[in-house]
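Welcome, and take a moment to turn the model around before reading on. The paragraphs below walk through it step by step.

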Amino acid sequence: MAAGKKTIIFDLDGTLLDSIEDIAISMNKVLKELNLPIHKIEDYKYFVGSGVDVLVENALKESSQDMKKEVSTRFKKEYDQKLHENTKPYEGIYELLDELKKLDYNLAVLSNKPHDFTVQYVDYLFKDYGFKEVHGQKVEVPRKPDPIGAINIAKALNIPCEEIFFVGDTLVDMKTAKSAGMKAIGVLWGFRDEKELNENGADFIVKHPLDILEIVKK
């Protein structure tokens, strides 16, 4: 593949997919079963972004390691039972992907969601868009904001990192983009705010998915 082809790596949850409700429902169900305090859906926006272990850590706070392990196992089982009905692309995402497909851009996903779930969701909701690289959290690859996952995608597509746009909704994504030497686009429809994105190196901030088109076409 020729170097220089326009390339965009997307985060998944909070960027392409509005998944917070299903994550919250699954985790609260597990917490209830174990007689632990549950949390508001809004709180989960600050619990997610760094993978299941950190989600569990945030949801449990002072609990023992054994309890955290138990919650983690149960959450994965609970969450894995189905493709969740409340999880769907944000408004404007399909329109954006339609345009990017017409322009024949390389599209990729890098998520801290477990790899199997990430692939499952992309296959289910974005199968028509030809995502070339789809990677979730794997044991052998450090999770974002470590840049190695993003750099691996760049290598696989034979595109220099500095030519790639990295799109995400949290400081984890902005730090990943900056550490990998990529251009960071922060989105405001996800789980965090403009201040967090700017403070962590966003090169661009967008309010609607189609705004991304204007940036990458330049």
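A residue counts as buried when its relative accessible area is under 20%, as exposed when that area is over 50%, and as partly exposed in between. With that cut-off, 51% of the 218 residues of the protein chain are buried. Please keep in mind that this is a predicted model.

Let us begin with the whole chain. The protein chain is built from 10 helices and 8 strands. Along its principal axes, the C-alpha trace spans about 55 × 30 × 30 Å. How does the radius of gyration fit with a compact globule? A compact globule of 218 residues would have a radius of gyration near 17 Å, and the protein chain has 17 Å, so the two agree. The contacts tell you about the fold too: among those between residues at least 6 apart in sequence, 66% join residues at least 24 apart.

Now for the helices and how they pack. Two packed helices are described by the angle between their axes and the distance between the axes. A good place to start is helix H4, residues 65-79, together with helix H1, residues 20-33. Their axes come within 9 Å and cross at roughly 130°. That angle makes H1 oblique to H4, because an angle counts as oblique when it falls outside the roughly parallel, antiparallel and perpendicular ranges. The crossing of H1 and H4 is right-handed. On the H1 side, the contact is made by Asp-22, Ile-23, Ser-26, Met-27, Lys-29, Val-30, Leu-31 and Glu-33, while H4 contributes Val-71, Arg-74, Phe-75, Glu-78 and Tyr-79. Sorted by class, this contact of H1 with H4 has 7 nonpolar, 1 polar and 5 charged residues.

H4 also packs with helix H3, at an angle of about 120° and with the axes 10 Å apart. That makes H3 oblique to H4, and the crossing of H3 and H4 is right-handed. Here Val-52, Asp-53, Leu-55, Val-56, Glu-57 and Leu-60 of H3 meet Met-67, Lys-68, Val-71, Ser-72, Phe-75 and Lys-76 of H4. The contact of H3 with H4 divides into 7 nonpolar, 1 polar and 4 charged residues. You may recognise Val-71 and Phe-75, since they are listed in the contact of H4 with H1 and in the contact of H4 with H3.

Between these two helices sits a loop worth a look. Ser-63 lies in the loop between helix H3 (52-60) and H4. Leaving aside residues up to four places away in sequence, Ser-63 touches Leu-36 and Lys-68. Leu-36 is 27 residues from Ser-63 along the chain, and their C-alpha atoms are separated by 9.5 Å.

Another helix pair is found further along the chain. H5 and helix H10, residues 209-217, pack at an angle of about 25°, with their axes 7 Å apart. Why are they called roughly parallel? Angles under 35 degrees count as roughly parallel, and H5 and H10 are therefore roughly parallel to each other. Ile-93, Glu-95, Leu-96, Glu-99 and Leu-100 in H5 meet Pro-209, Leu-210, Ile-212, Leu-213 and Val-216 in H10. By class, the contact of H5 with H10 has 8 nonpolar, no polar and 2 charged residues.

Next, look at Ile-153 in helix H7. Is Ile-153 buried or exposed? With a relative accessible area of 0%, Ile-153 is buried. Not counting residues up to four places away in sequence, Ile-153 touches Ile-9, Ala-108, Val-109, Leu-110, Glu-133 and His-135. Glu-133 is 20 residues from Ile-153 along the chain, yet their C-alpha atoms are separated by 6.6 Å.

Finally, some backbone details. Most residues other than glycine have a negative phi, and most peptide bonds are trans. Asp-104, in the loop between helix H5 (93-102) and strand E4 (106-114), has a positive phi near 60°. Asp-104 is partly exposed, with a relative accessible area of 46%. Asn-158 also has a positive phi, about 60°, although it is not a glycine. Asn-158 is placed in the loop between H7 and strand E6 (164-168), and at 43% relative accessibility it counts as partly exposed. A cis peptide bond, with omega about 10°, joins Lys-144 and Pro-145. Pro-145 belongs to the loop between strand E5 (133-137) and helix H7 (148-157).

Technical notes
Residues are numbered from 1 along each chain as its sequence is written. This is a predicted model: local features need pLDDT of at least 70, side-chain atom pairs count only at pLDDT 80 or more; totals for chains, interfaces and linings use all residues. Side-chain values use heavy atoms; hydrogens and water are left out. Axes are lines fitted to C-alpha atoms, for helices over the stretch in contact, and angles run from 0 to 180 degrees between N-to-C directions. Helices (H or I, at least four residues) and strands (E, at least two) are DSSP runs, numbered from the N terminus. Angles under 35 degrees count as roughly parallel, over 145 as roughly antiparallel, 65 to 115 as roughly perpendicular and the rest as oblique. A crossing is left-handed if the near helix is turned anticlockwise from the far one by less than a right angle, and right-handed if clockwise. Contact means heavy atoms within 4.5 Å. Ala, Val, Leu, Ile, Met, Phe, Trp, Tyr, Cys and Pro count as nonpolar, Asp, Glu, Lys and Arg as charged, and the others, Gly among them, as polar. The radius of gyration is taken over C-alpha atoms; the globule rule is 2.2 Å times the number of residues to the power 0.38. Buried means under 20% relative accessible area, exposed over 50%, partly exposed in between (1.4 Å probe, protein chains only).
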